[in-house]
Structure formats: C-alpha cells, structure tokens
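Below are a few comments for a colleague going through this entry, set out as numbered points. They take up the metal site and then the aromatic side chains.

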Amino acid sequence: MGIASEALKNFKGFNLKNLPEVEPVSPGHRACQGCGEVLALRQAMKALGTDVVVCSATGCMEIITSPFPQSAWRVPWIHVAFENAAAVVSGVESAYKALNRKKKINSPNTVFVGYGGDGATADIGMQALSGALERGHNFIYMCFDNEAYMNTGIQRSSSTPYGAMTTTSPRASLASASPPRRRICLRLQWPTALLCGHGVRGLPHGPHEQGEEGLFGAWPRVSPHLLALPTGWRCGIDESIEVARLAVQSKVFPLYEVIDGVYHLSRKVAKPKPVTDYFKPQRRFRHLTEVDINKIQEKIDADYEALIKKCVVEEKKEKEPKGAEMSVSLDGA
Ligand SMILES: Cc1ncc(C[n+]2csc(CCOP(=O)(O)OP(=O)(O)O)c2C)c(N)n1
Ligand code: SF4
Ligand SMILES: [Mg+2]
C-alpha cells in the first residue's frame with residue numbers, strides 16, 4: 001500500500017466545481033500559445049498538491065518553467081539531465097525514507113514525481129525508468145508525450161506516429177516504410193497506467209481513479225499523457241484540446257490502465273470516428289495519401305481490437321459522472 005498526500009486522497013477528478021485552487025506551476029511561464037503539454041503539467045500538479053518533490057528531465061516543460069533567474073515552480077523541483085529523471089526521483093524517495101526513519105524529517109506523506117517528454121522517456125530515459133520500476137520505488141512517473149523532440153526543433157522520437165512529418169522524418173509515401181511501433185506503455189510491459197488527452201484528469205483515469213486503494217495503492221505508477229500542440233502538430237492554437245479529444249474518439253489513443261498485469265479499459269469507444277477526423281486539423285499529416293491513411297486506419301482498428309480482447313471493461317465508468325458536461329476531460333469517446 002502506498003502513501004498519499006491529503007491533496008491526492010481528496011482528489012475527485014477535474015471539473016469546474018472541484019478544480020483544486022492550488023497552483024504548483026504558476027502562470028507566467030514561457031510555453032507557446034495553445035500548448036497542451038503545459039496544460040497537462042498544470043492539471044497534474046493541481047491534483048498532486050504541494051507536498052511533493054518533482055524531478056524534471058530536460059525538455060520543453062523544463063525550459064519554459066525555469067529560464068534563469070525565474071521559475072514557475074512553487075514546490076520543490078529538481079532539474080536533471082535528459083536521461084535520468086526516474087533515477088533521481090528514486091534517489092530522492094529513498095533519501096526521504098531514510099531521513100524519516102531516522103526522524104531527521106517528518107514528511108511521511110510526500111509524493112515523489114518524475115516526468116519527462118517522450119524523448120526523455122521512450123528513448124533516452126527508458127533505462128533509468130525501467131530500473132526504477134524494477135526496484136519498486138514509491139513514485140509517479142508522467143510521460144508528456146507530444147510525439148517528438150519538440151524542445152530542440154521537432155525531431156522524430158520513437159513515439160512519433162507512423163506517417164507524421166517532423167524535421168527529421170521524410171514526407172515520402174509510406175507504402176514501403178517500416179511498420180508503426182508500439183507506444184511506451186506496451187513496450188514497458190509493466191503494470192502501468194495509461195491515460196490520455198492533455199492529462200486533463202491529471203492522474204490515472206479509469207476504474208481505480210478514486211480512493212487510496214485505487215489511485216495510490218499500486219506504486220510505482222507510469223502515466224503517459226498524450227498532448228496536442230500547435231507548434232509541432234501544426235494545428236491551430238485553439239485546437240489542441242479538440243485534437244487530443246479526437247485522438248481518443250478515433251481510437252488512436254485509447255484510455256486504459258494496466259494494474260498488476262490486468263488491463264482495464266477506461267472508456268469504450270462506442271462510435272469511433274475515422275482517423276481522417278483526427279488528422280484533418282493537423283498539418284503534420286497533410287502529405288499522406290489515401291493508401292497511407294487506409295493502412296494506418298487498418299492498424300488502428302487491429303490494435304484497438306487486440307486491446308479490447310485484453311481488457312476488462314468497467315461498465316460503471318461508461319456513464320459520465322454528474323457535472324461531467326462541465327469537465328475539461330477527454331471523455332465522450
Ligand atoms: C544527453 C542529451 N542529449 C540531447 C540533449 C538535447 N535535448 C534537450 S531537450 C531535448 C528534446 C526533448 O524532447 P522530449 O523529451 O520529447 O520533450 P519535449 O521537449 O518534446 O517536451 C533534447 C534533444 C540533452 N539535453 N542531453
Ligand atoms: S514547442 Fe510544443 S511542447 Fe514546447 S512549449 Fe511549444 S507548444 Fe508546448
Ligand atoms: Mg516530446
């Protein structure tokens with residue numbers, strides 16, 4: 001059983017009625033207009049509260065929140081290298097454990113958070129994350145997956161979807177290209193929590209969303225968030241939430257959790273939209289031919305079917321909670 005701060009224990013999901021007022025990431029940072037990633041970071045930190053220690057890999061969310069001599073962080077925050085956020089958060093968690101045991105500090109409920117982009121997680125930081133998971137540290141790891149190395153100029157990462165244009169992937173037809181790769185959660189093959197869409201629910205979304213036994217019972221947790229953003233995805237500055245929502249509705253990014261090896265589908269996509277609806281607002285896909293798109297659609301359908309077969313569908317979560325129409329979550333898939 002893990003431990004959780006008061007803010008986490010009382011967290012009931014996001015909607016306008018119960019949005020926590022606390023702002024661990026303050027306004028005035030330097031994210032691009034319409035950035036979905038900083039919205040996810042803000043929402044996640046609101047849920048986590050202030051009794052936290054955060055370890056940040058380099059990437060956009062580090063650069064835009066900490067241009068010397070300023071900082072948008074109102075909680076303890078450590079900037080580490082590109083590859084080792086999970087290693088550092090492991091060390092911090094172990095140090096707190098030891099200091100608490102020796103009664104040198106009294107912080108039994110502190111929550112330890114590591115985060116990085118898709119480059120920092122799925123590529124260069126995979127080893128550190130794998131090690132931290134294997135050791136079973138008490139921490140939450142968030143991957144802010146914007147599907148490229150955005151901070152350094154939109155280079156392709158292993159999370160970049162098949163066919164998307166980046167500054168390092170050619171726009172040639174995909175007919176002879178290598179097949180799409182699996183997302184990080186599937187590659188980790190570890191009890192993880194996968195959630196989507198701006199991370200606007202901030203934290204693992206699904207059957208065990210609320211309560212200590214669910215959200216906080218199983219440590220460690222890995223939460224990839226899919227984030228749409230105008231700069232790299234070439235959508236409008238007012239479209240990033242809608243594009244992320246379309247990712248769920250078109251089955252491109254299904255919402256599910258894996259808890260102790262059991263797959264839980266958080267939202268069944270009853271009336272899926274075609275992938276073309278998801279691609280349309282994003283100019284990074286505009287070069288694709290009909291043949292390319294059909295191939296991608298086939299792969300999405302096959303992957304979703306395979307996921308459904310593995311999943312327990314939590315019927316009670318099919319219904320929207322009261323007040324959800326005011327929610328900024330990505331439900332409705
Ligand atoms: C070892 C190392 N290689 C490369 C860099 C340069 N670098 C800094 S941030 C970054 C891209 C980060 O991409 P991602 O993790 O996806 O985060 P995003 O900026 O997209 O949020 C790169 C290549 C670095 N800081 N350290
Ligand atoms: S480049 Fe993308 S992720 Fe980075 S701040 Fe701009 S919109 Fe956000
Ligand atoms: Mg990235």
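1. The model is a predicted one, and the comments on the magnesium ion (ligand 3) should be read in that light. Its protein donors are Asp118 through OD, Asn146 through OD1 and Ala148 through O, at 2.0 to 2.1 Å from the ion.

2. Along the chain, the donors of the magnesium ion follow the spacing D-x27-N-x1-A. Distant parts of the chain are thereby linked, since aspartate 118 belongs to helix α5 (residues 118–123), while alanine 148, 30 residues apart from it, lies in the loop between β4 (140–145) and α7 (184–188). Aspartate 118 and alanine 148 are both buried.

3. Turning to the rings, the count of aromatic pairs comes to eight. In one of them, tryptophan 73 and tyrosine 115 have ring centres 6.2 Å apart and planes at 20°, so the pair is stacked. Here too distant parts of the chain are linked, with tryptophan 73 in the loop between α3 (60–63) and β2 (77–79) and tyrosine 115 in strand β3 (residues 111–117), 42 residues apart.

4. Tryptophan 73 counts as buried at 9% relative accessibility, and tyrosine 115 counts as buried at 1%. Another aromatic pair, tyrosine 278 with phenylalanine 279, is tilted, with 5.9 Å from centre to centre and 40° between the planes; both of these residues, tyrosine 278 and phenylalanine 279, are buried.

5. Ring pairs also join Trp73, Trp77, Tyr115 and Phe144 into a cluster. Finally, the charged end of arginine 284 sits over the ring of tryptophan 233, at 3.9 Å from the centre of that ring.

Conventions. Residues are numbered from 1 along each chain as its sequence is written. Chains are lettered from A and ligands numbered from 1 in the order in which they are written. This is a predicted model: local features need pLDDT of at least 70, side-chain atom pairs count only at pLDDT 80 or more; totals for chains, interfaces and linings use all residues. Side-chain values use heavy atoms; hydrogens and water are left out. Donors are N, O and S atoms within 2.8 Å of the metal (3.2 Å for Na, K and Ca); water is not among the atoms, so sites may look incomplete. Helices (H or I, at least four residues) and strands (E, at least two) are DSSP runs, numbered from the N terminus. Buried means under 20% relative accessible area, exposed over 50%, partly exposed in between (1.4 Å probe, protein chains only). Rings of Phe, Tyr and Trp (its six-membered ring) pair if their centres lie within 6.5 Å; planes under 30 degrees apart count as stacked, over 60 as edge-to-face and the rest as tilted. A charge sits over a ring if NZ of Lys or CZ of Arg is within 6 Å of the ring centre and within 35 degrees of the ring normal.
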